[in-house]
Amino acid sequence: MAEAALPGSSSTASAAARRAVQNINAPLWRNAIFIAPYLLFFVTLLVVPLFWGIWLSLHKADAFGTGRFVGLDNYLRLFRDKIFLQAVGNTFYFVFLTVPALALIGLFLALALNRKTKTAAALRAVYFSSSVLSVTIVTLIWRIVFIGNFGLLATIYGWFGATAPAFLSDPKLTMIGIAIATVWWCIGLPMMLFLSALQQVPQEIYEAAALDNASRWRTLWHITLPSIRRTFVLVIIIEIVLQFQLFGQARLMTQGGPNNVSKPIVLYIYEAAFTKWDLGLGAAASEILFILIMIAALAQYFISRRKGVEG
């Protein structure tokens with residue numbers, strides 16, 4: 001009898017062992033310990049300020065307290081404020097100037113430097129080096145370039161007897177000047193993302209195209225660009241989200257002037273909250289900026305999801 005029971009107990013133990021192996025990836029509450037530190041900082045630094053900002057935007061708040069509840073009055077004040085509407089338009093104009101330039105120039109640099117040579121590696125480091133500079137250094141460099149009469153641009157134009165464009169004072173050129181400085185500063189990230197995507201394209205496809213005598217243009221148009229289309233969409237959406245948050249360049253290069261033509265939304269928020277101490281108005285403007293950025297993030301999600309289904 002004892003010998004007959006042994007095979008049964010052995011099979012039971014094997015089944016229990018298989019269940020244990022099968023459930024090794026099952027959700028366990030103790031796994032929450034690993035994400036608890038990040039979750040704590042996420043809730044403390046992002047979720048709580050988000051709801052605090054929404055609550056603050058519904059109050060007449062200043063430096064002395066939250067004040068009384070005013071409902072949507074702060075939002076109505078924003079939509080009646082011509083300076084805020086101008087700041088929204090300036091921000092969209094800045095995004096329009098910078099995002100296509102960052103995507104196209106980043107792609108061009110990645111295509112040109114996607115080579116295993118020392119020169120290409122050195123040039124990649126040179127083009128990426130501007131991305132590690134602080135906004136203070138970047139604006140100082142470009143103020144030296146753009147400043148009138150004795151700046152670098154004015155000196156070069158002076159050699160040919162011409163007058164340099166006034167990127168810091170001409171209302172039509174101010175935002176363009178800030179966009180030029182921003183593209184120079186931020187070009188490293190899209191270039192590296194495109195380089196990473198290009199290096200993931202299988203070389204066998206290029207070898208097959210070479211055997212078919214495909215030209216460089218046909219290879220680029222029919223192989224390279226379709227292979228990195230998801231990265232292209234990702235770069236565009238990331239840059240839209242980043243460039244909506246323009247602040248330092250406009251603050252340090254032009255102070256938002258002249259006549260508020262270079263004032264973005266974030267600079268408007270800063271002045272409302274920390275210069276005029278109208279914290280409720282600043283919080284309301286922040287929530288509108290948050291909605292604009294959230295729309296861009298959702299666009300990233302839906303576009304990448306649709307591309308994934310099509311791919």
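Which element gives the largest share of the lining of the largest pocket? The tour of this predicted model begins there.

**First stop: the largest pocket**

Select Leu111, Asn114, Arg115, Tyr206 and Thr224, the residues that lie nearest the centre of the largest pocket. The space in this pocket amounts to about 620 Å³. Next, display the full lining, which comprises 14 residues. Three elements each give two or more residues to that lining: helix H4 (82-113), helix H10 (203-211) and helix H11 (216-227). Colour H11 separately, since the opening question is settled here: H11 provides four lining residues, the largest share. Colouring the lining by class then shows five nonpolar, five polar and four charged residues.

**Second stop: the second largest pocket**

Move now to Gly282, Ala283, Ser286, Glu287 and Phe290, which lie nearest the centre of the second largest pocket. Its volume is about 240 Å³, and 13 residues line it. For the surrounding elements, select helix H2 (32-57), helix H14 (265-274) and helix H15 (279-310), each of which gives two or more residues to this lining. Which of the elements gives the largest share here? Highlighting H15 supplies the answer, as eight lining residues come from that helix. With the class colouring applied again, the lining of the second largest pocket shows nine nonpolar, three polar and one charged residues.

**Final view: both pockets together**

Keep two helices on display: H11, with its four residues in the lining of the largest pocket, and H15, with its eight in the lining of the second largest pocket.

Methods
Residues are numbered from 1 along each chain as its sequence is written. This is a predicted model: local features need pLDDT of at least 70, side-chain atom pairs count only at pLDDT 80 or more; totals for chains, interfaces and linings use all residues. Side-chain values use heavy atoms; hydrogens and water are left out. On a 1 Å grid over the protein atoms alone, a cavity is a set of points where a 1.4 Å probe fits but cannot get out, and a pocket is an open set with protein on both sides within 12 Å along at least five of seven lines; lining residues have an atom within 4 Å of a point. Grid points are joined across faces, edges and corners, and a volume is the space filled by probe spheres set on the points. Ala, Val, Leu, Ile, Met, Phe, Trp, Tyr, Cys and Pro count as nonpolar, Asp, Glu, Lys and Arg as charged, and the others, Gly among them, as polar.
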